[in-house]
Amino acid sequence: MAKKSDASDGIKLVVVESPTKAKTIRKFLGKDYVVESCMGHIRDLPQSAKDIPEKVKKEKWAQLGVNVDKNFEPLYCVPKDKTKVVKNLKDKLEEASELYLATDEDREGESISWHLLEVLKPKVPTKRMVFHEITKEAIQKALKDTREIDLNLVRAQEARRILDRLVGYTISPLLWKKVAYGLSAGRVQSVAVRLIAERELERIRFKKSSYWGVLAELSKDGVNFESRLQQYKNQRVATGKDFDGLTGQLTAGKDVLVLDEKTASGLAKDLKSGNWAVTDVEEKPTFRKPAPPFITSTLQQEANRKLGLSSRETMQVAQKLYEQGFITYMRTDSTFLSNEAITASRDCIQSKYGKEYLTPQPRNYAAKKVKGAQEAHEAIRPAGNQFMDPDETGLTGTQFRLYDLIWKRTIASQMVDARQKQVSAKIQVGDALFGASGMTIEFPGFLRAYVEGSDDPEADLAEREVRLPALKVKDAVKCAKLDPTSHETKPPARYTEASLVQTMEKEGIGRPSTYASVIGTIIDRGYVRKSGTALVPTFTAMIVSKLLSNYLSEYVDLGFTSEMEQSLDNIADGDLDWEKYLASIYKGPKGLRARVDAQEEKIDPDDARTMTLEGMDKYKFHVGRYGAYLTAKRDGEDVSASLPDNESPADITPEIAEKLIDQKINGADALGKDPKTDEPIYVLSGRYGPYVQLGDVSPENDKPKRASLPPGVQPEQVDLQMALDLLSLPKTLGKHPGTGKDIKAGLGRFGPFVVHEGDYRSIPKGESIFTITLERAIEMLSQPKKGRGKAAPLKELGAHPDSGEAIQVYNGPYGPYIKSGKVNVSLPEGATPETVTLEQAVALINEKGGTKAKGKAKGASAKAAPKKSLKKAGTAKEKAEALGVKKVVTRKKKK
């Protein structure tokens, strides 16, 4: 090990969370600085029993990871995958004269810096440097304006982590005992599940109402426009706004005329030939202001609406943009823009759109924060004092689209209002009064750059430009067409990720930095599935939400959870003692531990895992070891049938339930018989959806052959030939010309595929699995593999000389890396995907020690030479020279 440097001439070690962030910051620092990544948190509460040190394993609090009897002292462990990271940082620190902790400026970042300080125990001056954007100016300023670690922020994050552990690890075992093993509860996730489950109950209680209207297509001076019936015989005609949004029924006390089909059709017939005349025209100028710049929650909402990104995806992409220096810090509650950001925005507006789009004075968005704000002090915007045009960034794909969204929203926030003109007209014909409305944009203003999205399609329609002809009172208009229109009230819309984030923010549930992980967690753990953009609760979510609401209601109460968040914010401000607060939540006769113990005795497991749905009293719905199922009485006996995973609580009907029960009792009607075996072929529904089955279940054949239906195919669409085709899968297409081994086509969990020697390729949409040819399969297999959610390799380097496994270069969350089998290693500094060679890659993989020779040839391979020279190399410099690059940096991918 190198001799420790004198404080005056040693390196200055800068530690950040990720390799990408480190790579960007290196560009702005001199040769005296070494920037290393800690790969996120280097220690945490134990995740499993194997993480718990032997000396405390027998303690009753060990599994909890928090000593509740000793001031809620947390048990921190360094995970095995972080031991090399810690060792590397300690080694670098031995050569350093100063340590700069440059983690993110929020609570999470402050906590990471504190943990680094605790684990590394530096003997050199240590400074905390913070910045909200990664630009040269920001980094240089941060180096000059360092500070101490903010222990209030650390305690707030520690209290949040411990509180989450106490709630999760105390309530989850109750769910295991009373509902099903493996279920989880969480301080924020359980409230989110309750919101989604209660919306589903609202949809179940909702009763559709139908009403009719009359739509006229009128014309004046050759211009056609639409007009709707508003009054008949001086009584207002009912519209959707007159019905209760929760019940679907007409709101009590409404004095309106509800048209039925017969009346609407009669009016359409009688009024068409009448004299249509304008009785009133009103014009009104309106102004529309731009939305403020993005904060974390609004970015997640708009990215979901406009780009179709989940909250988790949005934050992952935003993190990459921040770490690469394209945007400011992405976890913030503030809409404030700095003076340099306002100047940069106005410069862009003047050069791109013209002076007329500039406001006379800058728009100042006050640094007002939502309740409990605790993150960065400025809105999310393009980084720097000159905003880079999206087309000049070199970004591609999702990163480009998100940066473009942020750029446009920031620019629009400094542009002039949009000027619009609204026109409404009344048209009389007989005893009926029709209304027409239009909107024209007189000057687009900020709309040239950006239009805010909406979760309500009707609201989007209302914002569209609709031009009416020039109309004056007493003008005659012609009726070209008159039709009755049918309408139904709609149940409350299910939450989308955007609307759930909006509600959580409004109610003070969680914080911007937690929304993405909370939504991801409830989806990953089977409480919610996505149908399009809608978040649909499973029966498991409904059952768990029912139990918690009935027996531990305060822990899924919006107000109580919001008060928890406020208390954690008070800890961050230094206004509340964190140990006393945790004791008040967990201990005592009204504390969490006592409440759970007391309620456990009252909960009957059979009742806990059972629910009924309004309007379906004949059926009971349950959650069991193998998923959701329903039961019904038949001849005095309970009959149960599995519920398909894609069956949502609000959409199941008595007809669907009866069909499932009937199939269980009588079996399904056969489509026909298999010509080879003469056995019947059925279309059935199971837990994982509809499938076809060959033959009956019997003691001799307890697992008859089955095949799932392809995505998008409904059971009623399946005929005998399709069933036979499905049951023939997987089918052999022929031999691969290179290996002589079979190429097969099959249908799996993620859709149809072709496979050769374990190498899979998905069959693209629009191509049929039943008609795919051998030639097409060979062509598909020759293309770079695109796994589920994974990109194709950037470069194929060749095969490893020892193992024979392919060596490829991929683009990962922390930059380009080399992959061979299960071994991943980052590119050395100074190397790029274009310049890295097979020899360099082999040496790096061998150095990491992850390669096991398979049939190694006698004698050393010429291509393995770098491995030998690398072993002989002692210092980092010698190793780098052996590889022909400036410096070797191997990193383990963050989990």
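Here is a short chat between a trainee and a mentor about strands, helices and cysteines in a predicted model.

Trainee: Before we dig in, what kind of model is this, and how are residues numbered?

Mentor: It's a predicted model, where local features need pLDDT of at least 70, side-chain atom pairs count only at pLDDT 80 or more, and totals for chains, interfaces and linings use all residues. Side-chain values use heavy atoms, with hydrogens and water left out, and residues are numbered from 1 along each chain as its sequence is written.

Trainee: Which strands stand at the edges of the open sheet of four strands?

Mentor: Strands here are DSSP runs of E, at least two residues, while helices are runs of H or I, at least four residues, both numbered from the N terminus. Two strands pair if DSSP finds at least two bridges between them. The order is β2-β1-β5-β6, with parallel pairing. Each edge strand has a single partner, so one side is left without a neighbour in the sheet, and those strands are β2 (33-37) and β6 (126-128).

Trainee: Which helix packs on this sheet and touches β1 and β2?

Mentor: Contact means heavy atoms within 4.5 Å. For directions, axes are lines fitted to C-alpha atoms, for helices over the stretch in contact, and angles run from 0 to 180 degrees between N-to-C directions. The helix in question spans residues 19-26 and makes about 165° with the direction of β2; that's α1.

Trainee: At what angle to β6 does helix α3 run?

Mentor: Helix α3 covers residues 107-120. It lies across β1, β5 and β6, and its angle to β6 is about 175°.

Trainee: In the hairpin of β18 and β19, which residue takes a positive phi?

Mentor: Strands β18 (residues 627-634) and β19 (residues 637-642) pair in the antiparallel sense over six bridges. One of the bridge pairs is Ala 632 with Val 639. There are two residues between the strands, and the one with a positive phi near 55° is Asp 635.

Trainee: What is the bridge partner of Leu 747 in β26?

Mentor: Strand β25 is joined to β26 (residues 751-756) by five bridges, and the two run antiparallel. They form a hairpin with two residues between them. Opposite Leu 747 in β26 you'll find Pro 752.

Trainee: How many disulfides does the structure hold, and is Cys 38 buried or exposed?

Mentor: A disulfide is a pair of cysteine sulfur atoms within 2.5 Å, and the structure holds zero. Buried means under 20% relative accessible area, exposed over 50%, partly exposed in between (1.4 Å probe, protein chains only). Cys 38 has 0% relative accessibility, so Cys 38 counts as buried.
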